[in-house]
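Colleague: I'm just starting out with protein structures, and I'd like a close look at the aromatic rings in this one. Could you walk me through them slowly?

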Amino acid sequence: MHHQQRSLRVGAAAILCAVIIRLGLGGFFQPLGEFLAQPAISSLLIYLETGRIVRFSPSSEPILLFASESAAPVFELPPEEPMIPVFSAQDAAAVSVKYYTTCRADLEALMARPLSWNLATGEPTVLILHTHGTESYTKSPGEQYSESSAFRTLDEGYNMISLGDYLAQALESAGIGVVHDRTLHDYPSYNGSYNSARKSIAAYLQDNPSIQLVLDLHRDASGDNKNQLKTSATVDGVASAQLMIVVGTDGSGLSHPNWEENLALAMKLYGQLERTNPGICRYISLRSQRFNQDQHPGALLIEVGGAGNSHTEAMLATSVLAEAIVAMAQGVEIVT
């Protein structure tokens with residue numbers, strides 16, 4: 001999609017240059033200056049140069065949408081009528097599932113299950129939360145914030161809250177209603193964080209029965225205080241973290257009637273992510289624990305990179321996640 005947008009920008013730039021040359025040859029330099037000074041034209045020029053969408057405040061100062069100190073990518077809106085993703089049972093072969101449970105499922109049958117939701121109804125349809133909200137990444141040069149412990153911080157500009165804020169903004173810009181739980185469920189006590197998150201999820205679902213997708217954003221961690229897991233992907237030539245979708249089951253003996261529905265959704269999301277950005281996904285991790293996903297058939301846990309990744313790499317991966325969710329906002333089509 002990014003390559004297509006670049007081609008469109010190049011074509012538009014060529015047309016604009018032709019107009020400017022014609023105006024210049026006609027001796028209309030003053031009208032040309034006034035023409036280029038218009039906010040709409042200035043916004044177009046900035047977009048053609050950088051690919052960033054801007055709007056102008058009443059003072060005529062440009063405001064970059066989704067810009068941040070951590071150089072987060074700018075989310076570009078999809079076409080007005082995006083193509084609905086199409087899947088078949090055979091697409092299951094391209095989905096990598098790692099089993100950390102004795103539970104098994106018919107992956108082809110799950111991939112062929114319909115997804116007929118609509119995330120753009122005008123009501124809140126997506127709930128974003130962070131069971132381990134203080135999780136953070138490896139500091140990059142220039143990043144200055146206090147850590148509550150190794151690779152954890154209360155600074156909401158660098159912990160998981162920042163990723164949730166970015167994802168929520170990206171989805172809302174595409175017309176998807178979002179509820180973002182910014183509670184630090186793992187602070188001051190890490191123990192009991194899932195119980196705390198469980199209560200919040202239940203309350204949000206009760207207050208917002210329109211919610212169809214529940215995303216618990218984490219980051220992975222393994223290693224010691226010096227050497228932590230770093231995942232690696234490339235998005236349009238830029239280094240990015242990878243995404244890993246975690247799906248719980250009833251393998252622990254606790255009731256979880258939704259786990260196959262959760263897995264069916266995870267497989268389609270994985271498929272959409274890999275189609276647009278091959279290598280962005282690690283795999284789907286199927287686990288014995290429930291991770292509170294028993295509360296909703298559209299609940300997923302997504303680990304955005306590892307503690308060895310930078311915050312900027314994690315934000316880029318989050319933008320890819322947003323893009324995939326927007327593409328699936330009207331559901332998917334199943335073919336046989």
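Modeller: Sure, let's begin with a ring that has a charge for company. The charged end of Arg104 is placed over the ring of Tyr99, and it sits 4.1 Å from the ring's centre. Keep in mind that this is a predicted model. There is another case of this kind: Arg287 lies over the face of Tyr100, 5.8 Å from the ring centre.

Next, rings that meet other rings. How many aromatic pairs does a search of the whole structure find? It turns up 2. Tyr145 and Tyr158 make a stacked pair, with 4.5 Å from centre to centre and 15 degrees between the planes. That angle counts as stacked because it falls under 30 degrees. Both Tyr145 and Tyr158 lie in the loop between β5 and α5, so their pair ties together parts 13 residues apart in sequence. Are these rings buried or exposed? Tyr145 is buried, with a relative accessible area of 8%, and Tyr158 is buried too, at 15%.

Now for Tyr194 and Phe291. Their ring centres are 5.9 Å apart and their planes stand at 55 degrees, so this pair is tilted. Here the partners come from distant parts of the chain: Tyr194 belongs to helix α6, Phe291 to the loop between β11 and β12, and 97 residues separate them. Tyr194 counts as partly exposed, because its relative accessibility is 24%, whereas Phe291 counts as buried at 16%.

Stay with Phe291 for a moment, since its backbone deserves a look as well. Its phi is near 55 degrees, which is a positive value in a residue other than glycine. The loop that holds Phe291 runs between β11 (281-287) and β12 (299-306). Phe151 also has a positive phi, about 60 degrees, and it is not a glycine either. You'll find Phe151 in the loop between β5 (124-129) and α5 (160-173), and with a relative accessible area of 10% it is buried.

One last backbone detail involves a tyrosine. What is the peptide bond from Tyr187 to Pro188? It is cis, with omega near 5 degrees. Pro188 itself is in the loop between β6 (177-180) and α6 (193-207), and helix α6 is where we met Tyr194.

Note on methods
Residues are numbered from 1 along each chain as its sequence is written. This is a predicted model: local features need pLDDT of at least 70, side-chain atom pairs count only at pLDDT 80 or more; totals for chains, interfaces and linings use all residues. Side-chain values use heavy atoms; hydrogens and water are left out. Helices (H or I, at least four residues) and strands (E, at least two) are DSSP runs, numbered from the N terminus. Buried means under 20% relative accessible area, exposed over 50%, partly exposed in between (1.4 Å probe, protein chains only). Rings of Phe, Tyr and Trp (its six-membered ring) pair if their centres lie within 6.5 Å; planes under 30 degrees apart count as stacked, over 60 as edge-to-face and the rest as tilted. A charge sits over a ring if NZ of Lys or CZ of Arg is within 6 Å of the ring centre and within 35 degrees of the ring normal.
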